[in-house]
Amino acid sequence: MPRILNEKSIFKTKLFNIKQADVKFGDKILKYEIISGNGKGAVLVVPKIGDEIIFIKEYAVAIDDYMITFPKGKIDQHETIHEAANRELQEEIGYKSSNINFVKKIYLAPGYIDHFTYIMFAEDLKSSS
């Protein structure tokens, strides 16, 4: 099993901390870079209204294009995952839910990003206005 010998921060932003890690594989030591999220992770919400799953069209600066996705966002320090999911629903589609369930915790790119996302499923949506 590989072993991390040491890890140090090499660059920080308001969203991320980029770290360098020396990892021992048998008699070899390899250098890795890890993007670490500054926070409690994120939520991605799959909203269901009636028999329909709701998507949003959102601009993604990293690819400089719009994409079809689900409501999502970071979890604020004071929030539970359920509170964050409900806030994101209200901000992004104008609905709130009285029935949000945790589905799965996932890592999107665990080879170099330690950031995780909670997948949530929301039903019983009502307009938040």
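Reader: In what order do the elements of the protein run from the N terminus on?

Author: They run β-β-β-β-β-β-β-β-α-β-β, which comes to 1 helix and 10 strands in the protein. Both kinds of element are DSSP runs, numbered from the N terminus: helices are H or I of at least four residues, and strands are E of at least two. A word on the ground rules: this is a predicted model, in which local features need pLDDT of at least 70 and side-chain atom pairs count only at pLDDT 80 or more, while totals for chains, interfaces and linings use all residues. Residues are numbered from 1 along each chain as its sequence is written, and side-chain values use heavy atoms, with hydrogens and water left out.

Reader: Thanks! Now the overall shape: what radius of gyration does the protein have?

Author: The value is 18 Å, whereas a compact globule of 129 residues would have one near 14 Å. The radius is taken over C-alpha atoms, and the globule rule is 2.2 Å times the number of residues to the power 0.38. You can set this beside the span of the C-alpha trace along its principal axes, about 60 × 30 × 25 Å.

Reader: And what percentage of the residues in the protein is buried?

Author: Buried residues make up 33% of the 129. Here buried means under 20% relative accessible area, exposed means over 50%, and partly exposed lies in between (1.4 Å probe, protein chains only). The accessible surface of the protein is about 8,700 Å², and carbon and sulfur atoms account for 56% of it. Such areas come from the Shrake-Rupley method with a 1.4 Å probe; for residues, only the protein chains shown count as cover.

Reader: Let's turn to the strands. In what order do the 3 strands of the open sheet come?

Author: The order is β1-β2-β3, with antiparallel pairing. Two strands pair if DSSP finds at least two bridges between them. At the edges are β1 (3-12) and β3 (28-37), each of which pairs on one side only. From one strand to the next, the twist averages 25°; for such angles, axes are lines fitted to C-alpha atoms, for helices over the stretch in contact, and the angles run from 0 to 180 degrees between N-to-C directions. To trace one pairing yourself, follow β1 and β2 (residues 16-25), which are joined by 8 bridges; Arg 3 stands opposite Lys 24 there.

Reader: Which residue of β3 could I look at up close?

Author: Try Ser 36, which is found in that strand. Ser 36 counts as buried because its relative accessible area is 10%. Its side chain makes a polar contact with the side chain of Asp 114, at 2.9 Å. A polar contact is a pair of N or O atoms within 3.5 Å; within protein, one must be able to donate a hydrogen and the other to accept it, and residues adjacent in sequence count only if both atoms are side-chain atoms. Leaving aside neighbours within four places in sequence, Ser 36 is in contact (heavy atoms within 4.5 Å) with Leu 15, Phe 16, Asn 17, Lys 19 and Asp 114.

Reader: How many residues of β4 are buried?

Author: In β4 (residues 42-49), 6 of the 8 residues are buried. As for partners, β4 pairs with β8 (residues 72-74) in the antiparallel sense over 3 bridges, and Ala 42 stands opposite Lys 74. With β10 (residues 116-127), β4 runs parallel and is joined by 6 bridges; Val 43 has Tyr 118 as its bridge partner there. Lastly, 2 bridges join β4 to β5 (residues 52-53) in antiparallel fashion, with Ile 49 opposite Glu 52.

Reader: Which residue in the turn between β4 and β5 has a positive phi?

Author: Gly 50 does, at about 65°, in a hairpin with 2 residues between the strands. Now compare β6 (residues 56-60) and β7 (residues 65-69), which are antiparallel and joined by 5 bridges, one of the pairs being Ile 56 and Thr 69. Their hairpin has 4 residues between the strands. In that loop lies Asp 64, whose phi is near 50°, a positive value in a residue other than glycine.

Reader: Why is Asp 64 called exposed?

Author: Asp 64 is exposed because its relative accessible area is 57%. Asp 124, found in β10, also has a positive phi, near 55°. Asp 124 is classed as partly exposed because its relative accessible area is 44%.
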